[in-house]
Amino acid sequence: MDLGFGPEFDGFRAEVKQFLAENWPPADGDYKSKENERRFVLAAIDRGYLHRAVPKRFGGSEQAPDIARAEIIREEFTKARAPSGRIPGTGKLVVPTLLEWGTEEQCAEFIARTLTGEMRWAQGFSEPNAGSDLASLRTRAELVGDEWVINGQKIWSTGADRATHMFMLVRTEPDAGKHDGISYLLVDLRQPGVTVRPLQQMTRLPEFCEVFFDDARTPAGNLVGERGKGWYVTRSTLKHERSGIGGLTWSLSMMRDLLKLARETQRNGKPAIEDPRIRTELAAIDGQLMSLTYSTYRATSHAVHDRDVGSFSTMPKLYMTDLAQRIGKLARDIVGDDFVDMSGPGKKWIERFMISLSMSIAGGTSNIQRNLIAERSLGLPRDARGGSK
Amino acid sequence: MNFLLSDEQLALLDALRGLLQDKCDPRHVHEIFDGDGSYDAGLWQAICEMGIPAIMVPEELGGLGLKLIDLAIAAELVGEYAAPVPLFGHCAATIAVALCGSAAQRERWLPKLASGEALATLALGEGDSRWLPGEWEIAGEARLNGKKRFVPHGLEADLFIVGTASGLVLVEKGEGVAVERLDGADRTRSLDTVTFADAPAEPMPGDEASVARSIDAAAVLLAADAFGGANHCVEMSVEYAKVREQYGAPIGSFQGLKHQLSNMALAVEPGRGLYWYAAHAWDELPEKARHAAAQAKAHLTDIYLQATRDTVEAHGGIGFTWEHDTHIYMKRAMLDWAWLGQPEKHRLRAADLAGW
Ligand SMILES: Cc1cc2nc3c(=O)[nH]c(=O)nc-3n(C[C@H](O)[C@H](O)[C@H](O)COP(=O)(O)OP(=O)(O)OC[C@H]3O[C@@H](n4cnc5c(N)ncnc54)[C@H](O)[C@@H]3O)c2cc1C
């Protein structure tokens with residue numbers, strides 16, 4: 001067990017710092033420019049700092065897994081407020097899925113352009129009548145010549161109005177069983193057969209969309225995995241959606257914000273952070289966050305050394321959801337009266353209070369996560385219906 | 001950088017698990033629990049022969065010269081098996097002697113504590129939630145007067161490490177030491193009230209930082225015990241849910257219960273990383289150690305107590321009986337929760353230590 005970096009990493013940290021000093025902020029000082037961000041990310045990939053798990057031929061930097069180096073990069077990039085290279089929205093799920101299931105051609109066509117932000121993705125899984133029971137989906141695709149022709153409707157698709165492409169599940173074998181008739185397709189959304197209608201969320205932001213397909217088309221070669229085997233491909237997408245790796249950074253930054261709020265808000269003439277009840281709850285949340293942090297380190301170390309991490313593997317998403325909701329509630333208590341004012345000083349926290357609820361829905365509801373923990377990690381009997389197929 | 005147990009650590013766990021499987025099955029724990037309140041001398045001797053109490057004693061004094069993480073993972077197993085042995089008080093006191101004792105005190109006691117030839121314990125609590133340095137009111141240097149409460153296995157101990165207004169002192173059993181056994185909830189780890197009346201005492205020269213560090217180690221050991229116990233409660237409840245049938249099906253197939261069990265596992269399992277970290281920080285990251293120990297003690301003991309309550313619920317009527325294991329774990333959880341101060345106390349300390 002060793003959480004220190006050791007002197008052998010000092011040189012590496014110095015190199016990373018040097019790189020950042022030379023490349024960020026950009027020469028013209030415009031750190032909001034997309035073009036500057038793109039150039040920075042490419043340079044960082046070139047140096048082996050970002051997208052380390054992606055092969056070079058697909059635009060990544062192809063580095064051996066090394067949690068110490070990855071952590072140093074994360075720390076130094078965060079300190080310098082440099083772009084993290086994180087793929088926005090659900091696009092981050094398509095890259096590992098393609099690496100696992102895609103053909104050489106598919107990887108070459110889609111991954112590099114996703115890393116640079118040229119392709120932006122939406123996830124097309126849910127339908128009006130297929131939510132938790134995803135495998136009951138009905139959107140169809142038929143192979144006509146060398147194209148798939150798609151008809152049906154997807155819903156709750158985050159960012160579909162800004163996306164160029166969608167990875168989606170469609171029914172291609174109408175006569176096969178529920179799970180066996182599904183295929184995984186990649187589709188260009190910029191075509192006449194596709195209509196995207198943004199839906200306003202309770203936060204007031206139009207973050208997700210309905211997407212209608214009327215004879216929309218995609219090349220036969222955009223099928224990922226085998227025909228009728230899309231359910232298995234999906235499982236690897238969902239695994240990434242639930243692994244919560246990126247979520248730790250997010251949880252840590254929520255905690256920092258919460259502390260700032262507690263310091264800056266006055267309560268009975270004193271900073272809220274001095275109120276013993278709030279102070280105790282802050283520490284309790286921090287205890288939960290530390291548990292998540294070090295269990296994530298443990299899980300990563302186990303993965304790198306090919307050891308089984310045990311029951312924690314099904315837990316990060318639900319743990320993070322609970323944590324986010326606990327943070328949301330304490331923030332509510334601190335914000336106090338202003339909790340009714342959508343434009344007041346509590347605005348950000350009112351939004352987060354709501355967004356923390358979306359975490360218990362999107363990517364599989366909390367009840368579905370509990371089914372997964374019970375069935376996959378604890379080995380309890382499978383539910384004939386809502387189980388973890 | 002890695003956050004894994006080494007092959008040596010895994011081997012140590014294997015050996016200790018083998019011993020506990022052999023000598024500490026639940027029926028045996030019940031026998032001790034229902035006995036006279038003393039610990040299981042045979043099991044304790046076997047644990048000593050395996051070198052567990054020697055883990056943190058320096059090699060030149062008959063120990064293994066290993067780290068708190070090594071001892072903590074052993075404490076987890078002892079918690080898992082609810083082993084009725086004085087490991088906690090003895091090892092925490094041994095660490096205090098190693099950190100705060102004079103050369104003479106260390107030479108005189110550590111070899112005997114490492115081998116288990118002598119039994120030590122920590123006398124810290126004074127009631128009214130006074131557990132920590134700065135809170136102790138009992139005073140006296142060459143002669144100690146006053147009362148300490150909740151002392152683990154005071155009746156059997158040869159050596160008391162006592163927290164006083166001027167630091168830690170060392171008192172041997174005998175002259176001026178009266179011990180009265182408490183009607184303790186946790187009969188796997190009996191607690192005593194110890195009254196010192198002009199008892200001959202030797203001050204220990206360790207400074208404030210070493211005293212604090214000794215207390216932190218005790219907190220981490222409680223957290224490790226709590227994790228082991230809580231994890232066992234999850235396993236016990238899950239196994240029962242697989243075999244107990246109602247309505248013609250295993251109760252573990254009913255979603256209401258499945259979700260309760262998932263919630264238990266979700267509360268408990270991530271705590272492993274926290275107690276590992278607290279032990280590791282104590283060993284290697286001194287500036288993080290105090291905060292981590294306070295957090296681990298607060299979090300894990302809170303989780304443990306709740307997990308034992310959920311376990312009773314998951315077992316139905318059988319879980320509410322004296323015959324079942326559930327109450328033994330609940331009572332160990334009560335001790336882990338209360339000893340050294342409640343979670344809230346440690347959370348407020350953690351907040352101070354984090355500089356909030
Ligand atoms: C903010 C947000 C973003 C989203 N983004 C996307 C996206 O980009 N792409 C996409 O495809 N989808 C997306 N979704 C959709 C999301 O995946 C679904 O909403 C989710 O899977 C639940 O489906 P549903 O809404 O139909 O609810 P339902 O499945 O109808 O669930 C309703 C309630 O019933 C419970 N329930 C259902 N089945 C069971 C069971 N077997 N056992 C116990 N309880 C059960 C659920 O837990 C829930 O509480 C998003 C959702 C949200 C909120």
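This passage looks at the ligand site and a neighbouring topic, a hairpin of chain A.

The model is predicted, so to speak on its own terms: local features need pLDDT of at least 70, side-chain atom pairs count only at pLDDT 80 or more, and totals for chains, interfaces and linings use all residues. Side-chain values use heavy atoms, without hydrogens and water, residues are numbered from 1 along each chain as its sequence is written, and chains are lettered from A and ligands numbered from 1 in the order in which they are written.

The ligand sits between chains A and B. Around it are 20 residues (a heavy atom within 4 Å), and Ser132(A), Trp156(A), Thr158(A), Thr365(A) and Gln255(B) come nearest. By class, this shell has 6 nonpolar, 14 polar and no charged residues; Ala, Val, Leu, Ile, Met, Phe, Trp, Tyr, Cys and Pro count as nonpolar, Asp, Glu, Lys and Arg as charged, and the others, Gly among them, as polar. Strand E3 (147–158) and helix H11 (366–377) of chain A each give at least two residues to the shell (DSSP runs, helices H or I of at least four residues and strands E of at least two, numbered from the N terminus).

Polar contacts here are pairs of N or O atoms within 3.5 Å. Thr365(A) puts a polar side-chain atom 2.7 Å from a ligand oxygen, while a polar backbone atom of Phe125(A) is 2.9 Å from an oxygen of the ligand. Asn367(A) has a polar side-chain atom 3.2 Å from a ligand nitrogen. Taken alone, the ligand exposes 970 Å², and the protein buries 69% of that (Shrake-Rupley, 1.4 Å probe).

As for the hairpin, E3(A) pairs with strand E2 (residues 140–144) of chain A in the antiparallel sense over 5 bridges (pairing takes at least two DSSP bridges). Ala141(A) has Ile150(A) as its bridge partner in E3(A).

Definitions and conventions:
Polar contact = N/O pair within 3.5 Å; in protein donor to acceptor, adjacent residues only side chain to side chain.
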